[in-house]
Amino acid sequence: NMGDSHDGNSKLEPANATAKLTLPDKITPKKPVPLAIDVKDKEGRPIANFDTFQEKLMHLIVVSDDFQSFNHIHPTYKGNGRFEVQADFLHSGNYTLFSDYKVAGKAEQVSVLKAQVPGKSPAASEIDLATTKTLGDTKANLKLSQPTIKAGQEVHLIFNLQDAANNQPLKDLKPYLGERGHLVILKQSSPLTEADYIHAHALKNTPAGEIHFITSFPQAGKYKMWGQFNRNGKIITADFWVDVQ
């Protein structure tokens, strides 16, 4: 399995779990907020046992609905189905939280949770289809295996990471969560649903400074991708838009 979507473990039966998010009554932008996520079975009983995947029991993607703010965090399991974590909401507006977890012995599951941060949302940003971006001392280039991405077709996405000072391929990349990199892809849509979320896994043994992912985009539209890599202990998040025909 190339890990082309989050349901790569489809040989396992679905858990059919539900997740409930508990937030404080007052959320202030840029101030850490305690979140609790309770995972229960169909009958509403807490689920006690989870399997680790990519080194964690839960991956939580917190994204503003305008895609200007993105965070990938790892809640701590407190037992009896409860996960807790501190999250930062960078600005006012609506947020979607994709809670990605694996009930013991079942297929990986994504639950979609919503949060609202009071106040005026920032102005919409332009969709920038540039394929090169400088992030501090790292330059990221995105290469696609075909010039036009078509819905439903398998595509190779190559993140080429260089030192911004000399354009040399990075030699100091380390594994991140046990892999060469992670890629979260979201389709621009309203409201955001589980169908809009893709979590792709990096291929092994690719050239220095190059991280390859294979995936497919289920429908035509605009998608934003956040590639995450570990450069000597510092997580780099390289975000790019793609237009799928």
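These legends walk through several close-up views of a predicted model.

**View 1. The largest nonpolar core, with 26 residues, is the place to start.** The residues with the most contacts inside this core are Leu35, Ile37, Val39, Leu60, Phe89, Leu97 and Tyr101. Six strands each give two or more residues to the core: E1 (18-22), E2 (33-40), E3 (58-64), E6 (82-87), E7 (93-102) and E8 (108-117). E2 hands over the largest share, four residues. There's also a second, separate core of 23 residues, and among its members are Leu183, Phe213, Tyr223 and Val244.

**View 2. Here we zoom in on leucine 60 and its contacts.** Skip the neighbours within four places in sequence, and you'll find leucine 60 in contact with Leu35, Ile37 and Leu97, which also appear among the residues with the most contacts inside the core. Leucine 60 is also in contact with Asn71, His72, Ile73, Pro75, Val85, Phe98 and Ser99.

**View 3. Aspartate 100 is a buried residue that has no salt bridge.** You'll find aspartate 100 in strand E7. How far away is the nearest side chain of opposite charge? That side chain belongs to lysine 102, and it sits 9.8 Å away. A salt bridge needs the nitrogen and oxygen within 4 Å, so this pair doesn't make one. What the side chain of aspartate 100 does have is a polar contact with the side chain of histidine 199, at 3.4 Å. Leaving out neighbours within four places in sequence, the contacts of aspartate 100 include Phe53, Leu57, Met58, His59 and Tyr197. Glu108, Gln109 and Val110 are in contact with aspartate 100 too.

**View 4. Two aromatic pairs show two ways for rings to meet.** A pair of aromatic rings is described by the distance of the centres and the angle of the planes. The structure holds 14 aromatic pairs. In one of them, phenylalanine 89 and tyrosine 95 meet edge-to-face, with 4.8 Å from centre to centre and 80° between the planes. Both of these residues, phenylalanine 89 and tyrosine 95, are buried. Now look at phenylalanine 98 and tyrosine 197: their ring centres are 5.0 Å apart and their planes are at 15°, so this pair counts as stacked. Phenylalanine 98 belongs to strand E7 and tyrosine 197 to strand E14 (residues 197-201), so the pair ties together parts that are 99 residues apart in sequence. Phenylalanine 98 and tyrosine 197 are both buried.

**View 5. Ring pairs can also join up into a cluster.** The members linked here are Phe50, Tyr77, Phe83 and Tyr101. Tyr101 may ring a bell, as it's one of the residues with the most contacts inside the largest nonpolar core.

**View 6. Aspartate 239 and lysine 133 form a salt bridge.** Side chains of opposite charge can pair when their charged atoms come close. The count for this structure comes to 13 salt bridges. In this one, the closest N and O atoms are 3.2 Å apart. Aspartate 239 lies in strand E17 (residues 234-244) and lysine 133 in strand E9 (residues 132-135), so the bridge ties together parts that are 106 residues apart in sequence. Are the two partners buried or exposed? Aspartate 239 is buried, with a relative accessible area of 17%, whereas lysine 133 counts as partly exposed at 28% relative accessibility.

**View 7. Arginine 231 has a salt bridge with aspartate 163 and another with aspartate 172.** From N to O, the bridge to aspartate 163 spans 2.9 Å. Arginine 231 is in strand E16 (residues 221-231) and aspartate 163 in strand E11 (residues 154-163), so this pair ties together parts that are 68 residues apart in sequence. Both arginine 231 and aspartate 163 are buried. The bridge to aspartate 172 comes in at 3.1 Å, N to O. Aspartate 172 lies in the loop between E11 and strand E12 (173-174), so its pairing with arginine 231 ties together parts that are 59 residues apart in sequence. Aspartate 172 counts as partly exposed, at 22% relative accessibility. Add Asp137, and you have the network of salt bridges that links Asp137, Asp163, Asp172 and Arg231.

Definitions and conventions: Residues are numbered from 1 along each chain as its sequence is written. This is a predicted model: local features need pLDDT of at least 70, side-chain atom pairs count only at pLDDT 80 or more; totals for chains, interfaces and linings use all residues. Side-chain values use heavy atoms; hydrogens and water are left out. A nonpolar core is a set of buried Ala, Val, Leu, Ile, Met, Phe, Trp, Tyr and Cys residues joined through side-chain atoms within 4.5 Å. Buried means under 20% relative accessible area, exposed over 50%, partly exposed in between (1.4 Å probe, protein chains only). Contact means heavy atoms within 4.5 Å. Lys and Arg count as positive and Asp and Glu as negative; His and the chain ends are not counted. A polar contact is a pair of N or O atoms within 3.5 Å; within protein, one must be able to donate a hydrogen and the other to accept it, and residues adjacent in sequence count only if both atoms are side-chain atoms. Rings of Phe, Tyr and Trp (its six-membered ring) pair if their centres lie within 6.5 Å; planes under 30 degrees apart count as stacked, over 60 as edge-to-face and the rest as tilted.
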